[in-house]
Amino acid sequence: MLLGIVLHAALSYIDGFWPVRDGEDSLLLNAMVGAIHGFRMPLFFLLSGYFTALLIRRRGWLRTALNRSLRIALPFVIGLVTIVPLTHFAFQRAGNEREQVADAPTGNDIWSASAAGNVEVIAEQVAAGVDPNAVDPLFRVAPVMWAAMFGQTEAVEALIDAGADANATNDDGNTPLHSAAFFGQAETVRLLLDRGADPAVRNDNGETPADSTRHDRELTEYIAGLLRVPMEFEDVQRGRAEIVELFADEGVVVYQPTPAEQLQQLIRFVLDVPILAHLWFLHYLCLIVAGYLVFTAITQRMPRLPLADRWFAWPACMVWVFPLALAAQAAMDSGISTPGFGPDTAAAIWPDVPVLAYYTLFFSVGALMHNRLGTSRRLSPRIWWPLIAATIVFLITAPLSGMQPWATQLMPSETARRVISVVGQAAFVWLAIFTAIAIFERALQRYRPWVRYLSDSSYWLYLVHLPLIVWLQSIARDTSLSIGIEYAAIVIVATITLLLSYQVFVRHTPIGWLLNGRKRKATATAPN
């Protein structure tokens, strides 16, 4: 949980569509973010499975279900109406401030360049081997769609000339023509139609690009804020009127859905939009725990399979765990088509099946390890060789997974990059997980009050940290300090502030009781 603060604080110094961009990039912070993201949440789900199995053994099925409802489900529901809106507000405000500082998104990646209309950077990226159809790791949108949303007609043309698909679709089936029509970008729509974009294509809601022109002000401003597209609704409306005439010349008219169809589209929109922010992990954990509780209730009376316990300990467990991890990693849209090291993130209410399967695997492995090994045996007795191996795998795999131009030049074959990326990520996550577990098992064998305190506070700190981090990044952006000093200041100030909020407003209050249970007096032999 604490590593989440370290990770998110670094994102303003990395190319990408983070709402706060400092203007300078740090290769060291970029590598650190990839390494942390590569194992942090998988480790979290593995430990969640381990301790959920422990709770079931100690307290039984029903009391475990109540405990998980109070500790996970209820904070998630409360967070949906408190923390999530506050986080989106912080993101939107930071994005608006960025647009006041610069006319277009900054960054040298192909997606920022497309949104900014920087044709020169687009050409450099394509010449370096970057796929013009690659979707960005945050919003999962292709470059041509970013250019279409921002009305960067020259960038759209340059991307199509470089091989971009004028009819490329995102996760909800929208094409660049849908996006340009939605934001009233008439010139871009005209170009897309001239370059072969299909005006009759329908997205997952059954809408044609012409139908995208009928959405109201509230939805348009919400989507613009979510994607940080600057707009004035009156200008959008004028552009949309011109676009309707363009579509009419193509024989396409705006369809007026029935009230039932409008309701169905609204429900689908709510389920598919990534609105959960950083609380997505609680959503997935609720689903996985619920499934595990049902599974346990059904199978708890069945005989235990006659399997040797050594096959559930490190490293022998890799014989059966690694092939499953490899399949789960390959099932996610990661590696080449979605650049970025580590697992995908899915923040929509409707779960992403490959991502859900991926984290279910780690949860299940954790539960199996407890059920087979209990608490009397160490999960990972070795430290150094998994750490060294993880470092080597990361250094080889991360450049390929992140689509670094120099790495794609060294290995032009996309198939080879894809295979190495998937295998490397699957290997790294397990090497890093068991390295982290070994370090904690060795370093924290006796009770320490400050470790107990950090352990209890970390849940609260992670739940509420993101708005504060974004605000501090906005302040640091306007300073002339070095990247290292700015980054360290953000992490230190955020952590101290959040710890103070935990001590004053959470620890001995109903909020603390909800997150961690009522405090008991520590004993000298109490475990961490």
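Which residues does Thr188 touch, not counting residues up to four places away in sequence? In this predicted model, Thr188 touches Ala148, Gly151, Gln152, Thr153, Val156 and Ala180. Thr188 lies in helix H10, residues 186-194. Its relative accessible area is 1%, which is under 20%, so Thr188 counts as buried.

**Overall make-up**

The protein has 528 residues, and 51% of them count as buried. Its secondary structure consists of 22 helices and 0 strands. Taking contacts between residues at least 6 apart in sequence, 78% join residues at least 24 apart.

**Nonpolar cores**

The largest nonpolar core holds 100 residues. Those with the most contacts inside this core are Phe45, Phe281, Trp430, Ile433, Phe434 and Leu463. Helix H20, residues 449-477, contributes the most to it, with 13 residues. Another core, of 46 residues, lies apart from the largest one, and includes Val156, Ala166, Phe183 and Leu191.

Phe281 can be followed from the largest core to its partners. Leaving out residues up to four places away in sequence, Phe281 touches Met1, Met41, Phe44, Phe45, Tyr462 and Leu463. Phe45 and Leu463 are also among the residues with the most contacts inside the largest core.

Val156, listed in the core of 46 residues, is one of the buried residues of helix H8, residues 153-161. The others named in H8 are Ala155, Ala158, Leu159 and Ile160. The buried residues of H8 pack against helix H5 (110-116), helix H6 (119-127), helix H7 (143-149) and H10. Val156 is also one of the residues that Thr188 touches. Just after H8, Gly163 has a positive phi of about 115°.

**Helix packing**

Two helix pairs are set out below.

| Helix pair | Angle between axes | Axis separation | Crossing |
|---|---|---|---|
| H2 (residues 27-59) and H19 (residues 414-443) | about 65° | 9 Å | right-handed |
| H1 (residues 2-10) and H20 | roughly 15° | within 9 Å | right-handed |

Helices H2 and H19 pack at an angle of about 65°. Angles of 65 to 115 degrees count as roughly perpendicular, and H2 is therefore roughly perpendicular to H19. On the H2 side, the residues that meet H19 are Ala35, Gly38, Phe39, Pro42, Leu43 and Leu46. The H19 residues that they meet are Phe428, Val429, Trp430, Ala432, Ile433, Ala436 and Ile437. Trp430 and Ile433 also belong to the residues with the most contacts inside the largest core.

The axes of H1 and H20 cross at roughly 15°. Angles under 35 degrees count as roughly parallel, so H1 and H20 are roughly parallel to each other. In this pair, H1 supplies Leu2, Gly4, Ile5, His8, Ala9 and Ala10 to the contact. From H20 come Ser458, Leu461, Tyr462, His465, Leu466, Ile469 and Gln473. Tyr462 is also touched by Phe281.

Spacing of contact residues along a helix can be read against its geometry. An α-helix has 3.6 residues a turn, so residues three or four places apart point the same way.

**Pairs distant in sequence**

Leu47 belongs to helix H2. At 31% relative accessibility, Leu47 counts as partly exposed. Its C-alpha atom is 5.9 Å from that of Gly366, although the two residues are 319 residues apart along the chain.

Ala488 sits in helix H21, residues 483-506. Its relative accessible area is 33%, and Ala488 is partly exposed. Ala488 and Ala9 are 479 residues apart in sequence, and 8.9 Å separates them in space, C-alpha to C-alpha. Ala9 is one of the H1 residues that make the contact with H20.

**Cysteines and a loop residue**

How many disulfides does a search of the whole structure find? The search finds 0. Two cysteines can be compared by accessibility. Cys317 is buried, with a relative accessible area of 0%. Cys286, at 21% relative accessibility, counts as partly exposed. The cut-off for buried is under 20%, so Cys286 falls outside the buried class.

Ala277 is located in the loop between helix H13 (259-272) and helix H14 (280-299). Its phi is near 50°, a positive value in a residue other than glycine.

How values were computed. Residues numbered from 1 in each chain as written. Predicted model: local features only at pLDDT ≥ 70, side-chain atom pairs only at ≥ 80, totals over all residues. Heavy atoms only, no water. Core = buried A, V, L, I, M, F, W, Y, C linked by side-chain atoms within 4.5 Å. Buried < 20%, exposed > 50% of the residue type's maximum accessible area, 1.4 Å probe, protein only. Helix = DSSP H or I, 4+ residues; strand = E, 2+ residues; numbered from the N terminus. Contact = heavy atoms within 4.5 Å. Disulfide = S-S within 2.5 Å. Axes fitted to C-alpha atoms, helices over the stretch in contact; angles between N-to-C directions. Parallel < 35°, antiparallel > 145°, perpendicular 65-115°, else oblique. Left-handed = near helix turned anticlockwise from the far one by under 90°.
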